[in-house]
Amino acid sequence: MNTQFIIEAVALMGVCFATYKFYQLSQTVSELEEDLRDLKIMTHDRIKELEGTNDCIITDIDNLILKTSKKK
């Protein structure tokens, strides 16, 4: 009887430990998903900023070419 009780207690502790670890893992996954969403938003915003910068650089280069062409 004592042996069976010990086995059941150890099994229950194992189940509790596994449940706790699964909970920790699901929390970590949720945090990673949230971080990934934030990173996607920041990347999207940065791409928009760079697209505007590239347009300005291209316009500046075009203007420089036009000015140089007119001087010749």
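Here are legends for a few close-up views of this predicted model.

**View 1. The whole chain is built around one helix and zero strands.** Helix α1 takes in residues 2–71, and the protein chain itself has 72 residues. If you go looking for buried residues, you'll come up empty: they make up 0% of the chain. About 7000 Å² of the protein chain is exposed, with 66% of that coming from carbon and sulfur atoms.

**View 2. Here's a nonpolar patch on the surface, made by F5, I6 and V10.** Put together, these three residues offer about 330 Å² of accessible area. One of them, I6, sits in helix α1.

**View 3. Negative charge collects in a surface patch at E31, E34, D35 and D38.** Two of the names to find here are E31 and D38, both members of the patch. D35, also in the patch, belongs to helix α1.

**View 4. Now zoom in on D35, a residue of helix α1.** Is D35 buried, partly exposed or exposed? Its relative accessibility is 46%, so D35 counts as partly exposed. That fits between the cut-offs, with buried meaning under 20% and exposed over 50%.

How values were computed. Residues numbered from 1 in each chain as written. Predicted model: local features only at pLDDT ≥ 70, side-chain atom pairs only at ≥ 80, totals over all residues. Heavy atoms only, no water. Patch = residues over 30% accessible without salt bridge, like charges linked within 9 Å, V, L, I, M, F, W, Y side chains within 5 Å. Areas by Shrake-Rupley, 256 points an atom, 1.4 Å probe, with all protein chains shown as cover. Salt bridge = Lys/Arg side-chain N within 4 Å of Asp/Glu carboxyl O. Lys, Arg positive; Asp, Glu negative; His and termini not counted. Charge placed at Lys NZ, Arg CZ, Asp CG, Glu CD. Helix = DSSP H or I, 4+ residues; strand = E, 2+ residues; numbered from the N terminus. Buried < 20%, exposed > 50% of the residue type's maximum accessible area, 1.4 Å probe, protein only.
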